[in-house]
Amino acid sequence: MLNKTQIRYCLDVFKQMFPEAECELNHSNPFELLVAVVLSAQATDSLVNKVTPGLFQKYRTPFDYIEVPLEELQNDIKRIGLYRNKAKNIKKLSQTLVDQFDGQVPPTKEELESLAGVGRKTANVVASVAFNEPAIAVDTHVERVSKRLGICRWKDSVLEVEKTLMRKVPKDEWSVTHHRMIFFGRYHCKAKRPNCEECPLLVLCREGKKRMKKQETREQ
């Protein structure tokens, strides 16, 4: 496991590599962000961004989603995986927003998690990006990078990874670290073909060292 000094070095490297990292889901207000994050579950941001321009032009408020027939909404998001369930959740959360929150997206994680289709990760993303609340949302990239580097343990659950990162990363860096780790995992430390050879964190990375050793053995 990495110590405090080593983790600080990792955070600084993330900053150097991806200083402008931010949410890549296109949106212009908290409600659009909420819908986009719900759609992004088990789907890529790039795919969601192909669907949302037309979606957000057609549906501008929770009332619009409430009034449209379910089958029509499903057809509008059909390119995205799990579209049937996501359409149901978007209609349900829109109804809740109207009934309980005056049609506005609530700012707290607890309130966000009361919405259909909104789990802890989605709530963290919306609270952080839309309302500047410090949060670390653990997606597949954040989990993978944390475990490969040894910031967290391989056996840790997603919740344990989140709590560990919240403990080990300064609170005022939670949100930006979340985005930088996503970029690091998405564009550098990829799931199948991580760029270990050119990684500035190889000296600290237990997984990278194993991969490089295996590669050297194969080349001998």
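Take the C-alpha atoms of domain 1 and of domain 2 in this predicted model, and the two centres come out 29 Å apart. Domain 1 is built from two stretches, 4-20 and 137-217, while domain 2 is the single run 30-131.

**Where the domains meet**

Nine residues on the domain 1 side are in contact with seven on the domain 2 side. Putting the two together buries about 630 Å², and carbon and sulfur atoms account for 49% of that. On domain 1, the residues that give up the most area are A137, E162 and R186, which together make up 48% of what that side buries.

What about polar links across this interface? There are two salt bridges between domain 1 and domain 2, and four residue pairs are in polar contact. Helices α10 (158-168) and α11 (174-187) each bring at least two residues to the domain 1 face. The largest share, four residues, is from α11. R186 shows up again in a salt bridge with D45, with 3.2 Å between the closest N and O atoms.

**The nonpolar cores**

The largest nonpolar core holds 36 residues, and L34, L55 and Y65 have the most contacts inside it. Four helices give two or more residues each to this core: α2, α3, α6 and α8. Of these, α2 is the top contributor, with eight residues.

Who does Y65 touch once you skip residues up to four places away in sequence? Its partners are F31, V35, L55, F56, Y59, L73, I90, K91 and S94. So L55 is on that list because its heavy atoms come within 4.5 Å of Y65.

A separate core of 28 residues lies apart from this one, and its members include L2, I7, A21 and C205.

Here are the helices that feed the 36-residue core, with their ranges:

| Helix | Residue range |
|---|---|
| α2 | 30-39 |
| α3 | 45-58 |
| α6 | 83-100 |
| α8 | 120-131 |

**Out at R218**

Is R218 buried or exposed? R218 counts as exposed because its relative accessibility is 62%, and the cut-off for that label is over 50%. R218 sits in helix α12, which covers residues 206-219. Measuring along the chain, R218 and G81 are 137 residues apart, and their C-alpha atoms are separated by 38 Å.

Note on methods:
Residues are numbered from 1 along each chain as its sequence is written. This is a predicted model: local features need pLDDT of at least 70, side-chain atom pairs count only at pLDDT 80 or more; totals for chains, interfaces and linings use all residues. Side-chain values use heavy atoms; hydrogens and water are left out. A nonpolar core is a set of buried Ala, Val, Leu, Ile, Met, Phe, Trp, Tyr and Cys residues joined through side-chain atoms within 4.5 Å. Buried means under 20% relative accessible area, exposed over 50%, partly exposed in between (1.4 Å probe, protein chains only). Domain bounds come from an automatic or database domain assignment. Buried area is the accessible area (1.4 Å probe) that two parts lose on being put together, summed over both. A salt bridge is a side-chain nitrogen of Lys or Arg within 4 Å of a carboxyl oxygen of Asp or Glu. A polar contact is a pair of N or O atoms within 3.5 Å; within protein, one must be able to donate a hydrogen and the other to accept it, and residues adjacent in sequence count only if both atoms are side-chain atoms.
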